[in-house]
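Biologist: Please take me through one helix of this model up close, and then set it beside a few other parts of the chain.

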Amino acid sequence: MAAVLMCRRFPRLSRVTTLVTTATRKAEGGSSKRKQQKEESLEKADAGADPVATIQLLNPLHYRVLYNPDAYAKSRAASQQHPASSSGQALSDDFTTSSQALPPIRNALPKAKAKLHPQQTVSACFSTPQTKEEAENESQEMHDSKEDPRMFQKGRPEYRFVSYDRFEPAEPLSLEEADSILCSVAAHRDSQSPGAIADAFRKLSCLLVGHHAVLVASAQFDTLCGCAMENIRSFSTSDLIDVLKACVCLAVPPSHPLLNACDSEFCRRVWDMDLDQLLLVADCWRCLDRSVPSYLSILFSYANMHWKDLTLPQFVQLLYIIGEGQRSPVDLMQKVESVILKYLDSFTLEEVGAVCLGLFKSLSGISDHVMRRIADRVSLQMEDMSTYALVNVLKLLRCTRMDHLPLLKELGKVVPARIPTTNIQGIMHIALTCSSLHYFDEGVMAAVATSLPSKVTYCRSKDAAKLLWSYGCLDYEPPNREEFYSSLIEQMHRKLHEFRKFPEHLLTGLLGLAFVKRFPEELIDYALRDDFVEKTRGSKYELQKDLFTLGKSVEIECPSYQGSRLSPQLYQEMTEMVLNFAEQEIYVRPEIVEATSLLESMLGGLEYVKIHMILPHTRSSDLEVHLAMDGHPIPFNFKDNVRGKTLKDIGVSLTDDLMTQLIKGGSHSQSPLGVGNEASTPGEDRREAAQPPHAGDHTALSCGALTATTGLGVELKSGPKSALPSPAWKQQPREVKLAIQVSNKNHYCYCSKRLLGLHRLKRRQLQQLGYVVVELPFWEWFPLLKRTRLEKLSYLHYKVFDPALLSRAA
């Protein structure tokens, strides 16, 4: 009888019954199909296949919206079991932050709203894992990016006044009762009072979830909404809020005309509402997934005026709204820090996580002082914190670049044991935080690598790319390196269709692989194609540098590569851009300027040292020096020398005697020696370090000190070979090219001497090109900058003329 009434009163429901039967048969008959078929169907959909051809497409593996609060959080045995949901699914895991039981589970497809057809809800119900192992993985990976950030609201009863509670208990409404309500509204449309209309919405919101889509699509519901819009100015504020809450419960589409009317009316009433009501309405808009920039702007202005009166729940809820709206109101954010400090000791750990997530999502700046205070508290209570809340703290930590060593050390103690039960997005953020802060903890990274292969099919393109980057950045290959990298590379192949929309993720992953000398040629060929390069130009990120680094690395390290390559024009553009940046920002750094000046002084002049980027795609500078196999410096930088010196700069008088020497190539007299000293770089007149004698620059070793090379000698060497004073110049000995690296702490992992991936790649490629890398490590060179000139020259002499360098080159 109920079925007959349902078909009569809701005409579209007869189609739903047919779809349910069809979907059931499909689900029962297709239970043996595996995960790979789901992914193949997704790729077909991307290529233009009909998305309703197979039931798997309606609930693809890649975009799950099922929910399990402990999939992203630490389980606690002391918590209570959650009651079963209306769909019959029970939550067996425990909530981590409250002694209260979690209310019933929400609808399995909350994001779908009215855009979903009824068969989609049915397909979700029948999309079950095929094996016990898959079921366990499924439960761990369930994560709802829309609902999980709201977990902090379960910790205090006050949040029910400022947020929408979809689990608020209510008496279920039958279809017959719903039909009666709608018929009554239609029959008395012209005489319905605002209170009666609001009451109708309140009652209809109690209808079982499975019938919402049909109700919202019915003509009778449209009539009810029309009545509400006609009387919207007459509603009391509380009634209007109840109408909005009913729309949330019934999953009314965000673009529905009734919601347009509500948006305008709430904007008009803002200044007559209290802050609890304002926050509740904002929360409803979030649940409806509707953008309301005007309303939020007014809300933030209101909060900015009353910020000193914000209670703790109001403040946390406000930051949640700010984060979910991804807006950072400048005037208000200036006051946020003082409120954080006011309530910091009173926050629950979940509220600390919510505050950090709100700041992270809204890209709000936060001072080092406040971030350090937050990190201080977290480092002392990390064991009691859910993994989800902890990850939110780590997100903000990496944005502020905070090197909070106590928190990082505690992370190494707490996190490894949680990794197997943490979902893949949480794992990615943990690894990314470590790499972003350049903090290497082998326990954390090994635990992530061990757990990843079994979870890899749940990786989004972003997750796979960031994980590869994290390991490459830290230059760490885990014990299970082959399984780890092969599984991620395979997932990158599966996600190739996603990179069309997110090209930055492909480049991120490939660079991470390049750092550890792994070059998957098919993916590289795809990334260097002209059409993909064109897509990168439309990205909101600057990707040309990444393409530059990848393309040149492939040229150097993969000589047999036959795939696509970047255009010469792009290489030229990027090289010019990087070199211009280096001249303005890198070459002028004090530690590099000092090293360059002292090397020129020690070796004999500008032509013996060249400061430049040997490998521009690695974005750091080098000091190039050439040595003969007998250890003598060889001049080579004639181009820079000619540009850097003129006759005016040198101050040489062209006397008859000097012209005779230049033409005949005769030996230097004492007079040009003195002239040469005038032409030296600042400080060159006082040679305080020893170096081997060199026939080319006419230096003489006397009692461990050097006599200065003449500026005239410098000019002779830069002239035509016919003018050189000795035939020896025509037979240069085989040379050793040194690439001297003036490193800094940003080249290394935090508090360690572990070189980061990009700089490891650079040194590897320099060696492949025939250079011998010599480092002036910052922990040695920076302290010397404050010491005497003699000590610095002595140190450089030791580095440049180390016999081991020549033996290595030989």
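**A close look at helix 28**

Modeller: Gladly! Let's begin on the outer side: Pro568, Gln569, Glu583 and Gln584 are exposed, and they sit on the face of helix 28 that is turned away from its buried side. Here exposed means over 50% relative accessible area, buried means under 20%, and partly exposed is what lies in between, with a 1.4 Å probe and protein chains only. Helices are DSSP runs of H or I with at least four residues, strands are runs of E with at least two, and both are numbered from the N terminus.

Please keep in mind that this is a predicted model, in which local features need pLDDT of at least 70 and side-chain atom pairs count only at pLDDT 80 or more, while totals for chains, interfaces and linings use all residues. Residues are numbered from 1 along each chain as its sequence is written, and side-chain values use heavy atoms, with hydrogens and water left out.

Now turn helix 28 over. Its buried residues are Leu570, Tyr571, Met574, Val578, Ala582 and Ile586. Seen down the helix axis, these buried residues fall within an arc of 95°, so they line one face of helix 28; the arc is taken from the directions from the helix axis to the C-beta atoms. What do they pack against? Their partners are helix 26 (530-537), helix 27 (544-557) and helix 29 (590-603), where contact means heavy atoms within 4.5 Å. The length agrees too: helix 28 covers residues 568-586, and its 19 residues should span 27 Å at 1.5 Å a residue, against 25 Å between the end C-alpha atoms. The expected span is 1.5 Å times one less than the number of residues.

Helix 9 (residues 219-230) can be read in a similar way. Its 12 residues reach 17 Å from first C-alpha to last, close to the expected 16 Å. Phe221, Leu224, Cys225, Gly226, Cys227 and Ala228 are buried there, and the buried residues of helix 9 pack against helix 6, helix 7 (194-204), helix 8 (212-216) and helix 11 (257-269).

Loops can hold buried residues as well. Gln153, in the loop between helix 5 (132-141) and helix 6 (175-187), is buried at a relative accessible area of 9%. Its side chain makes a polar contact of 3.0 Å with that of Gln317; such a contact is a pair of N or O atoms within 3.5 Å, and within protein one must be able to donate a hydrogen and the other to accept it, with residues adjacent in sequence counting only if both atoms are side-chain atoms. Beyond its neighbours within four places in sequence, Gln153 is in contact with Tyr159, Ser163, Asp283, Gln317 and Tyr320.

The strands deserve a look too. In strand 6 (residues 735-742), 6 of the 8 residues are buried. Strand 6 pairs with strand 2 (residues 622-628) in the antiparallel sense over 6 bridges, pairing being at least two DSSP bridges between two strands. In strand 6, Val736 is the bridge partner of Leu627. Strand 6 also runs parallel to strand 7 (residues 771-776), joined by 6 bridges.

Stepping back, the chain has 38 helices and 7 strands, and 54% of its 810 residues count as buried.
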